[in-house]
Structures are given as structure tokens and as C-alpha cells.
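Let's take a walk through this structure together. Keep the 3D view open as you read, and turn it whenever a new element comes up.

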Amino acid sequence: MDYSIESKLGKTISEIRIGDTASFGKTFTEADVYQFTGIVGNFNPTHLNKEFASKTPSGKRTVPQMLVAGLVSKILGTQYPGNGTVHIAQELDFIEPVFMGDTIEATVEVTKIDGKEKRVWFDLKCVNQESKLVLTGESEIIPPFMINEEKV
Amino acid sequence: MKARIGKTVDQLKVGESAYFAKTLADTDMLQFAGVTGDVNLLPINDEFAKQTIFKQRIAHGMLTASFITNIIGMRLPGYGSTVKKQKVKFTLPVFIGDTIEIGLTITAINVDDNTADFTVQAKNQKSEIIMTGSGVLVPPTPLDDVEE
């Protein structure tokens with residue numbers, strides 16, 4: 001099979017610039033929450049049980065925090081740098097709960113590049129439809145590269 | 001309907017641990033890709049992955065990290081818990097068919113803040129460390145009609 005990943009690779013380290021940003025936003029629905037809790041096996045009633053959630057400080061069912069954090073995986077893996085990105089580390093600060101029906105816009109920004117070690121760092125910010133900050137964080141990744149002929 | 005909650009802050013003990021282990025299947029990765037929209041070819045495309053340094057598909061790091069919430073939300077502290085902060089490091093790739101075991105340990109308890117610090121270590125079937133991490137969790141607080 002004549003399949004070459006070269007044209008499919010995301011941005012290589014030489015194509016990444018400090019200050020570059022990428023964003024993705026979506027509305028989180030009950031479907032997202034139920035699928036995600038199923039995949040992970042986390043049946044915490046804060047996400048799945050209206051009666052339980054009504055008696056917690058948030059008052060209603062929340063979207064799993066790691067599902068919201070999945071937005072960063074989506075951006076890094078498919079948009080910037082894209083295909084071939086390897087996630088090395090992730091810091092997350094959960095500031096506000098996210099509820100079903102909330103639209104969350106996640107933005108990453110390149111903050112540091114280590115050309116020698118081929119590592120790139122990003123800041124993460126997620127805001128809801130009221131522009132309230134719900135999640136911040138930092139990502140460390142290895143940008144896409146080819147094994148033999150490093151597209152650097 | 002009575003609501004059951006996990007351990008409250010005064011019921012947690014420093015040094016207490018809980019574990020979650022599973023064999024990672026292709027379906028985990030495909031479903032994770034679907035629900036998050038992370039269709040990075042590296043975890044989902046054999047031909048693409050063959051031409052990378054890994055030679056085969058690897059799991060999304062955030063999928064492995066998401067299994068931590070299984071422990072926090074269901075076991076320690078359990079129902080009603082949330083996370084305030086979390087940082088993880090993916091130290092080795094996880095492949096389809098690998099069996100991963102995540103251990104979470106409570107390292108400090110702050111009753112005044114209603115928080116607890118935790119560390120995480122995950123290993124594969126060869127006892128290699130695939131992920132380490134730490135964070136701050138918020139254990140559940142009693143509800144009106146709690147039955148513990």
C-alpha cells in the first residue's frame with residue numbers, strides 16, 4: 001500500500017510559532033455525558049442522577065471534568081499541531097462546573113518551544129457562553145514528526 | 001429516593017489508596033475519539049501509526065487520564081466527588097491490549113477547605129510506569145437525606 005503519512009502530518013516543530021492559537025467550541029449535551037461516563041466507567045451520580053445532583057452545591061448534573069478537558073486533546077490532536085501529536089503532560093485547573101447545554105470554547109496558545117528536545121508547551125483556557133472561565137491548564141506535547149526523514 | 005455519597009473529608013485517611021485496572025481495547029480509543037472529536041490519526045489509523053516511532057496505534061493520553069475519574073467518582077472518595085486541580089505526565093505509550101492499573105493515594109487532607117491532595121501512578125502489565133500525576137480533589141459533602 002502506497003500510504004505516506006507525510007502529507008497527513010500536522011504541524012512539525014519548525015512550523016510552530018510562539019503566540020499561535022487554535023480554538024474549538026461545542027455545546028455539551030446529555031448524549032456527550034452519557035457516552036463519556038460509559039467509556040470511562042465513571043458513574044458518579046453528579047453527572048447522571050438529577051435527584052442526587054439537585055442536592056449537591058451545583059444543583060444540577062455536571063459535565064464530567066475530563067470530558068471538558070477532552071477539548072484540549074481534540075485541538076492538539078486534530079487542529080494544532082494535528083495528526084501525529086503526542087501528549088506528554090497536562091495540567092488542569094477546574095474553576096467552574098460545566099452543565100449540560102453549556103457551550104464551551106477552548107483555546108490553546110503556544111507558550112514555549114524546545115527545538116532540541118522537540119517539545120512544545122501550550123496554555124489552555126476554556127470559557128462558557130457567558131465568557132466565564134471554567135477551565136485553565138498547560139499542555140506539553142511532542143509535535144508530529146516522521147521517523148526516518150524528520151520533516152523538520 | 002435516598003442519595004448515597006462517597007467518603008466525606010473527615011472519613012478520608014492519608015495513605016489510603018484505591019485502584020482501577022482494565023485492558024485497553026480498540027473500542028475505548030474509537031469511542032473516546034468519537035465523543036471528544038479527537039480523531040488524531042495516531043490512535044485510530046493503523047497505516048498512519050505504522051510510520052511513526054511507535055509503529056502501532058497508541059491510546060490518547062487523555063483517555064488514560066480520564067480513567068482516574070473512575071476512581072475518584074466511584075471509589076475514593078466516591079459518589080459526589082469533584083476535582084479541583086490535576087496534573088498528569090504520560091511517561092510511556094499505551095497500546096491496544098495493554099492492561100493498565102491506576103492507583104490513587106490520598107497524600108494530605110484539608111478539612112477546613114474540604115479538599116484532599118492525591119497522587120496517581122499507573123502501570124502497564126509489565127509493571128512499567130505509564131502515567132504519574134497529582135491533584136486536589138473535593139470530597140462530597142453531606143446531603144439532606146444522606147444514607148451512608
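Helices and strands here are DSSP runs, with at least four residues for a helix and at least two for a strand, numbered from the N terminus. With that in hand, and bearing in mind that this is a predicted model, we can begin with chain B. Its order along the sequence is β-α-α-α-α-β-β-β-β, which comes to four helices and five strands.

Next, look at how chain B fills space. The C-alpha trace spans about 55 × 30 × 20 Å along its principal axes. Of the 148 residues in chain B, 45% count as buried. Consider also the contacts in chain B between residues at least 6 apart in sequence: 70% of them join residues at least 24 apart.

Now bring chain A into view. Where the two chains meet, 41 residues of chain A are in contact with 42 residues of chain B. On the chain A side, the elements that give two or more residues are helices H1 (30-40), H2 (45-48), H3 (50-54) and H4 (65-78), together with strand E2 (86-94). Sorted by class, that side of chain A has 18 nonpolar, 16 polar and seven charged residues.

Strand E2 of chain A deserves a second look. It pairs with strand E2 of chain B (residues 82-90) in the antiparallel sense, over five bridges. To find this pairing in the viewer, which residue of E2(B) is the bridge partner of A:Glu91? Go to B:Lys87, the partner of A:Glu91 in that strand.

How values were computed:
Residues are numbered from 1 along each chain as its sequence is written. Chains are lettered from A and ligands numbered from 1 in the order in which they are written. This is a predicted model: local features need pLDDT of at least 70, side-chain atom pairs count only at pLDDT 80 or more; totals for chains, interfaces and linings use all residues. Two residues are in contact if their C-beta atoms, placed from the backbone, lie within 7 Å. Ala, Val, Leu, Ile, Met, Phe, Trp, Tyr, Cys and Pro count as nonpolar, Asp, Glu, Lys and Arg as charged, and the others, Gly among them, as polar. Two strands pair if DSSP finds at least two bridges between them. A residue is buried if 20 or more other C-beta atoms lie within 10 Å of its own, exposed if 12 or fewer, and partly exposed in between; C-beta atoms are placed from the backbone.
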